[in-house]
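User: I am new to this structure and would like a friendly introduction. Please show me the whole briefly, then take a close look at a single part of it.

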Amino acid sequence: MNRLLPLLAPALAVEFVLADPGHTITGAAALAAARAFGVALLVLLAALGAGSAVLAATSRPTLERAVGPFAALAIGIAIQGALLGIFAVIGRFSVMTAGFAVLASAAGWAARPPLRLPRVPTLPVLVGVLLLAPALFDVLAPSTDTDELSYQLAMPKRLVEGGQMLGGFLHPEGSRPMPVHLVFGALYGLGGEGAVRAWCLGVAVTLVLGVRALAEERFGEGQGRSEEHTSELQSQFRISY
């Protein structure tokens, strides 16, 4: 009986969602969710293709390492931000140009980079899916957070509506958005605010897998779990940051 108790809460949560007492699961909501997650996945895959092509041409050994896909994704996101930044500077930021930037970055896959995806064990993935399940509902829920409403989602919305840098180069806030905010603008225009949140969730999962890959590369497969190894990894990340 004690072994079944940890499964009781998730089972009740799943039953509650399937029962849908508030009748919130509609066809329109399902389509919005599919659009949000689909756009986020396409943008991430496009960034991975662009970064992989760059690493294949400039530093192939890095791409072939266990952390290669994560480095490629970071480079690809920067490339997407740079492309979108050009359109924002010349006043041509729109859904069409956002789609063009995503497709242009996806062209990196045409180079057929030798990307080696990390091997992920089944049990940690299942545990992670269970723990991150509530975040899926947060992705699709209406925005209520002050930071989201006033900055994190407001900037992408204003970029899409205005089609250019916000307020000119002398504007005290938002005139020089980081590349990630420009990517947020593309996500917002193509998939709505749900796509922005889904993209952030995908990046968060990627970071977790990246830390695991870095630990195994540094200490060996299945290692990096001891207190000594964890402290060393934390020191490395602090220095990098």
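Analyst: **From the whole chain to Ser105**

The chain holds 11 helices and 0 strands; helices here are DSSP runs of H or I with at least four residues, strands are E runs of at least two, and both are numbered from the N terminus. Read from that end, the elements run α-α-α-α-α-α-α-α-α-α-α. This is a predicted model, in which local features need pLDDT of at least 70 and side-chain atom pairs count only at pLDDT 80 or more, while totals for chains, interfaces and linings use all residues. Residues are numbered from 1 along each chain as its sequence is written, and side-chain values use heavy atoms, leaving out hydrogens and water.

Of the 241 residues, 34% are buried, meaning under 20% relative accessible area with a 1.4 Å probe and protein chains only (exposed is over 50%, partly exposed in between). Contacts are heavy atoms within 4.5 Å. Among those between residues at least 6 apart in sequence, 71% join residues at least 24 apart.

Now for the close look. Ser105 sits in helix 5, residues 95-106. Ser105 counts as buried because its relative accessible area is 2%. A polar atom of its side chain lies 2.7 Å from the backbone oxygen of Val102. That fits the cut-off for a polar contact: a pair of N or O atoms within 3.5 Å, where, within protein, one must be able to donate a hydrogen and the other to accept it, and residues adjacent in sequence count only if both atoms are side-chain atoms.

Who else touches this serine? Leaving aside residues up to four places away in sequence, Ser105 touches Ala46, Ala47, Gly49, Ala50 and Gln80. Two helices are worth visiting from here. Helix 2 covers residues 27-58 and includes Leu41. Helix 4 covers residues 68-89; its 22 residues reach 32 Å from first C-alpha to last, close to the 32 Å expected at 1.5 Å a residue, the expected span being 1.5 Å times one less than the number of residues. Gly91 follows helix 4, with a positive phi near 75 degrees.

Helix 4 also has a partner further along the chain. The buried residues of helix 8 (residues 154-162) are Ala154, Met155, Pro156 and Leu159, and they pack against helix 4, helix 7 (146-152) and helix 9 (179-191). Just after helix 8, Gly163 has a positive phi of about 75 degrees.
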